[in-house]
Protein chains: 2
Amino acid sequence: MSGLRGEHWLRGGGDPSGGESFMAIEARTQAPLPPTYRDATAAQVDTAATAASAVAAEFAATPAAVRASLLRALADGLGAAGDELLERVEAETALPPARVLAERGRTQDQLRQFAALLDDGSWVAAHLDRARPERQPQPKPDLRRMLVALGPVAVFGASNFPLAYSVAGGDTASALAAGCPVVVKGHPAHPGTSELVGRVIGAAVAATGLPPGVFALLHGRSHDVGAQLVRHPAITAVGFTGSHRGGRALFDLAAARPRPIPVFAEMGSMNPVFVLPVALARRGAAIAEQIAASATLAMGQFCTSPGLLLWVDGDGCAALQQRLREKIAATAPGVLVHPGIREGFEAALADVQRQPVEVLARAASAASPSVCPTLLGTSITDLLGTPRLRTEIYGPALLTAGAASADELLAVATALDGHLTATIHAEADDLPLARQLVAILQHKVGRIVWNGVPTGVEVCPSMVHGGPYPASTDARFSAVGTTAIARWTRPVCFQDLPAALLPPELQDGNPRGLWRTVDGAPGRH
Amino acid sequence: MSGLRGEHWLRGGGDPSGGESFMAIEARTQAPLPPTYRDATAAQVDTAATAASAVAAEFAATPAAVRASLLRALADGLGAAGDELLERVEAETALPPARVLAERGRTQDQLRQFAALLDDGSWVAAHLDRARPERQPQPKPDLRRMLVALGPVAVFGASNFPLAYSVAGGDTASALAAGCPVVVKGHPAHPGTSELVGRVIGAAVAATGLPPGVFALLHGRSHDVGAQLVRHPAITAVGFTGSHRGGRALFDLAAARPRPIPVFAEMGSMNPVFVLPVALARRGAAIAEQIAASATLAMGQFCTSPGLLLWVDGDGCAALQQRLREKIAATAPGVLVHPGIREGFEAALADVQRQPVEVLARAASAASPSVCPTLLGTSITDLLGTPRLRTEIYGPALLTAGAASADELLAVATALDGHLTATIHAEADDLPLARQLVAILQHKVGRIVWNGVPTGVEVCPSMVHGGPYPASTDARFSAVGTTAIARWTRPVCFQDLPAALLPPELQDGNPRGLWRTVDGAPGRH
């Protein structure tokens with residue numbers, strides 16, 4: 001790897017050609033950052049998607065060990081990309097070096113977790129129901145099913161996780177693990193990061209002996225590039241992390257295709273926090289510190305940043321509010337990952353201030369391009385009556401409201417739309433109310449956090465990152481954790497197929513040693 | 001149960017009110033069959049959906065044993081409905097008594113299989129990743145996830161399975177098993193069957209002590225009834241079995257909602273059959289008998305009826321064609337389940353005959369309302385060049401074509417759109433070609449059948465009934481078999497939740513004795 005060249009990754013190599021040109025913006029200085037990138041043309045989109053389709057069956061049929069090697073080579077390659085990659089991420093996003101380093105580690109860890117999933121192999125959910133030729137009145141045939149790859153997946157990189165949810169992020173890792181070729185539409189805010197990572201993936205594909213069609217990266221500032229990709233007949237599924245507007249637009253395009261395809265779009269969330277009375281009385285100020293820190297971590301640019309804090313008025317309430325004001329006012333202004341995010345934050349903040357909302361605290365005024373963490377207050381009545389107040393402000397803003405009673409708190413929970421997470425702060429004496437709240441919230445969110453903060457999404461099989469619309473477009477799947485692989489697969493069933501044609505996952509004798517369900521009984525058999 | 005009253009099932013009782021009226025048509029005589037039914041009004045749709053929503057959280061939280069009791073009570077109730085039900089099915093559909101009896105048995109069996117799934121409980125896919133407070137640099141929280149019900153499901157009854165895929169069919173059984181209230185839009189071709197079955201479900205709901213909002217049945221001949229239901233904000237998912245036009249219309253409505261919802265529509269298929277050279281030479285005539293019988297079984301009104309038969313020209317080809325002509329010509333004309341199906345069949349047959357197609361055999365001319373099983377022939381070139389020839393003719397029609405070479409046969413397989421099944425007839429010496437075919441077909445269909453017929457869909461965990469579009473709108477799920485429950489669920493994750501608030505499926509000590517994945521290891525722990 002040496003130097004940026006302003007290239008897509010296409011046909012197994014760099015390609016600088018294209019249409020309209022653009023540059024990244026250095027996040028801290030707002031100065032253009034060379035080199036020049038070009039929007040992929042319709043012909044380039046077609047080249048990438050067609051090449052992906054041409055190798056889809058071959059890639060789906062690769063032994064799991066080959067795909068595991070690919071993912072490990074990619075993880076190693078990200079490490080080997082060294083400072084050039086880390087520095088470019090920092091320049092393009094203004095994320096601090098420690099965070100960038102940690103995010104690279106997480107990205108590598110995700111890739112290795114999927115490699116381990118492939119080594120284990122049981123994720124294919126093999127089911128065998130063996131023949132019973134003697135059954136009356138009809139003999140029972142032999143039926144065996146497993147998950148197989150859907151086909152080429154279009155991945156849209158997120159701006160807030162330039163490594164972990166971008167070119168080699170969770171969507172790409174899970175799709176490649178499933179055996180799906182990937183065409184990434186890079187986020188235009190970090191094209192240099194994308195180019196460097198795309199080159200690492202391309203090198204890993206080649207080093208693993210796989211055909212180049214397995215991976216392509218296309219740059220584009222115009223929405224047309226992504227739209228052409230989602231509309232392309234060869235694309236079979238879409239992964240997206242970003243704004244509601246963007247995710248919904250892609251969902252609508254995909255649904256309107258002659259052959260509709262699934263879209264998993266993760267579109268953000270307010271991640272409401274509920275502070276119950278006993279917890280409020282005992283540790284209101286401590287909760288305020290935790291939540292203020294979580295809400296302003298990375299300048300509120302996590303999908304799981306808490307944006308709404310609710311409590312029942314009573315003991316501890318003044319202490320909580322006081323500490324929130326102090327903490328938010330004391331939080332340094334900061335730079336958001338790109339100008340579009342900053343403009344969006346400022347516009348949303350201005351819009352919300354036209355609603356019945358009070359600014360309770362704001363960090364010292366900031367020099368552009370920095371923005372100020374902001375604490376807002378409203379009433380439960382206004383929150384219930386104003387849908388705008390129940391939708392996300394992406395960035396470091398926290399809206400707060402105190403309920404007059406537990407019933408009022410439950411009413412707010414009931415009025416909520418879908419979110420990624422909800423957090424409950426409670427003590428043992430709060431359990432009766434907490435039980436009611438959990439019963440409501442489990443139908444509103446993908447994850448319920450107890451006495452903690454929603455930020456910090458553990459990458460493990462039990463994680464659910466996704467939630468009822470508008471948090472995501474398909475709450476039946478998670479974008480984080482190894483179960484994310486299921487988004488890019490479908491079951492196929494073989495009836496009476498001879499042993500010679502069965503994949504090893506479904507053969508008698510279980511040559512891969514998988515956990516399978518045989519005649520209804522799960523086991524390693 | 002006594003007598004038909006022309007009623008919806010709403011608010012736990014019969015409701016004869018509504019808008020436009022209609023009657024069933026006795027399939028054999030085409031005479032109107034009393035009583036009169038009325039299209040559900042928008043207000044009735046709202047009542048049903050709102051009542052379902054009001055009890056959704058309560059129903060989702062019922063112990064699995066309660067839902068298992070409901071399903072068993074329903075299965076028993078279908079048996080107790082006795083001859084009145086069976087005779088009404090026969091009158092409304094012209095299906096022969098033996099088939100109706102067998103279908104009732106299958107419907108009861110499906111319900112009991114889901115009850116057994118609930119007894120076992122492992123279907124919730126519980127994952128536990130336990131806390132590791134000592135982990136560096138961040139402690140690992142305790143995370144536990146399981147599947148929970150989505151909410152109210154709208155089910156559209158199919159006309160070809162008036163019991164097994166209608167009011168108490170596979171979609172209703174799987175949705176109730178998941179803990180989702182169900183609102184059925186009954187098929188207007190069998191309103192009497194629907195009324196009787198709806199009453200059985202209503203009685204089972206009451207007998208199980210569940211609130212009436214758990215189930216409603218609405219009649220409607222107008223598409224408006226279904227459209228209002230799918231658009232209703234309280235509905236969270238849709239199950240449909242029927243025509244491509246109907247399924248796609250519901251899919252489009254659901255995708256265009258402010259809050260889109262998943263639609264599992266199973267929309268039919270040509271179910272291509274491939275006869276490989278050695279099998280053709282050895283048993284061409286026998287294969288012809290099997291496939292002709294499968295294609296005309298129940299007058300071709302199975303989703304899995306074979307509609308396309310392909311071979312490589314060579315030994316046995318003349319014998320296969322000859323026997324096909326004899327068998328189809330000798331198959332008695334029959335009555336289709338309702339006039340709309342007959343009109344659709346006749347229109348499709350007329351349309352196909354405007355393409356480069358030859359009628360090779362047809363049963364003796366039939367008196368209305370019977371239709372004639374029909375054998376059609378075309379060339380591979382015309383099949384590849386005429387998309388109309390690669391789409392379903394619903395009813396007893398079989399299109400055939402001989403390929404000049406194995407490569408030409410593979411080219412047809414590659415050109416196919418999504419189908420529910422594909423069938424391969426082959427001998428050991430055909431394995432090299434069969435291997436190539438399986439590699440292609442597994443990306444085209446949900447189930448590959450070897451040396452058999454696609455009709456006769458076994459209800460078991462390994463079954464996949466669903467396939468790439470246009471066979472179904474979401475190939476990631478199956479409509480048949482116990483895995484169908486996954487369509488109506490989503491995962492929810494609890495982070496650090498106290499034991500007192502965890503559902504039994506996720507508690508330490510595994511009180512329900514489920515197969516779970518704990519810290520990555522599956523087992524009954």
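Me: Which strand of chain B does β20(A) join, and over how many bridges?
Reply: This is a predicted model. In it, β20(A) joins β21 of chain B, residues 489-495, through 3 bridges. The two strands run parallel.

Me: What is the bridge partner of A:Arg447 in β21(B)?
Reply: B:Cys493 is the bridge partner of A:Arg447.

Me: Zoom out. How many residues of chain A are in contact with chain B?
Reply: 62 residues of chain A, in contact with 62 residues of chain B.

Me: Which elements of chain A each supply at least two residues of that side?
Reply: Two helices and four strands are on the list. The helices are α8 (244-256) and α14 (431-441). The strands are β5 (127-129), β6 (143-149), β20 (445-450) and β21 (489-495).

Me: And by class, what does the side of chain A that touches chain B have?
Reply: It has 34 nonpolar residues, 16 polar and 12 charged.

Me: What turn and shift lay chain A on chain B?
Reply: A turn of 180°, with a shift of 0.0 Å along the axis. The RMSD is 0.0 Å. The two copies are therefore related as by a two-fold rotation axis.

Me: Which residue of chain A comes closest to the rotation axis?
Reply: A:Ala255, with its C-alpha at 3.2 Å.

Me: Why say the copies meet through the same surface?
Reply: Because 100% of the interface residues of chain A are also interface residues in chain B.

Me: Back to α14(A). How do its axis and that of α13 in chain A cross?
Reply: At roughly 15°. The axes come within 9 Å, and α13 covers residues 406-415. Angles under 35 degrees count as roughly parallel, so α13(A) and α14(A) are roughly parallel to each other.

Me: Is the crossing of α13(A) and α14(A) left-handed or right-handed?
Reply: The crossing of α13(A) and α14(A) is right-handed.

Me: Which residues of α13(A) and α14(A) meet?
Reply: From α13(A), A:Ala406, A:Leu410, A:Ala413 and A:Thr414. They meet A:Leu433, A:Gln436, A:Leu437, A:Ile440 and A:Leu441 of α14(A). By class, this contact has 7 nonpolar residues, 2 polar and no charged ones.

Me: New topic, chain B. In which sense do β3 and β4 pair?
Reply: Antiparallel, over 4 bridges. In chain B, β3 is residues 21-25 and β4 is residues 32-38. B:Ala24 has B:Leu33 in β4(B) as its bridge partner.

Me: Which residue of that hairpin takes a positive phi?
Reply: B:Gln30, with phi near 65°. The hairpin of β3(B) and β4(B) has 6 residues between the strands.

Conventions. Residues are numbered from 1 along each chain as its sequence is written. Chains are lettered from A and ligands numbered from 1 in the order in which they are written. This is a predicted model: local features need pLDDT of at least 70, side-chain atom pairs count only at pLDDT 80 or more; totals for chains, interfaces and linings use all residues. Two residues are in contact if their C-beta atoms, placed from the backbone, lie within 7 Å. Ala, Val, Leu, Ile, Met, Phe, Trp, Tyr, Cys and Pro count as nonpolar, Asp, Glu, Lys and Arg as charged, and the others, Gly among them, as polar. Two strands pair if DSSP finds at least two bridges between them. Copies are superposed by least squares on the C-alpha atoms of residues with pLDDT of at least 70 in both. Axes are lines fitted to C-alpha atoms, for helices over the stretch in contact, and angles run from 0 to 180 degrees between N-to-C directions. Angles under 35 degrees count as roughly parallel, over 145 as roughly antiparallel, 65 to 115 as roughly perpendicular and the rest as oblique. A crossing is left-handed if the near helix is turned anticlockwise from the far one by less than a right angle, and right-handed if clockwise.
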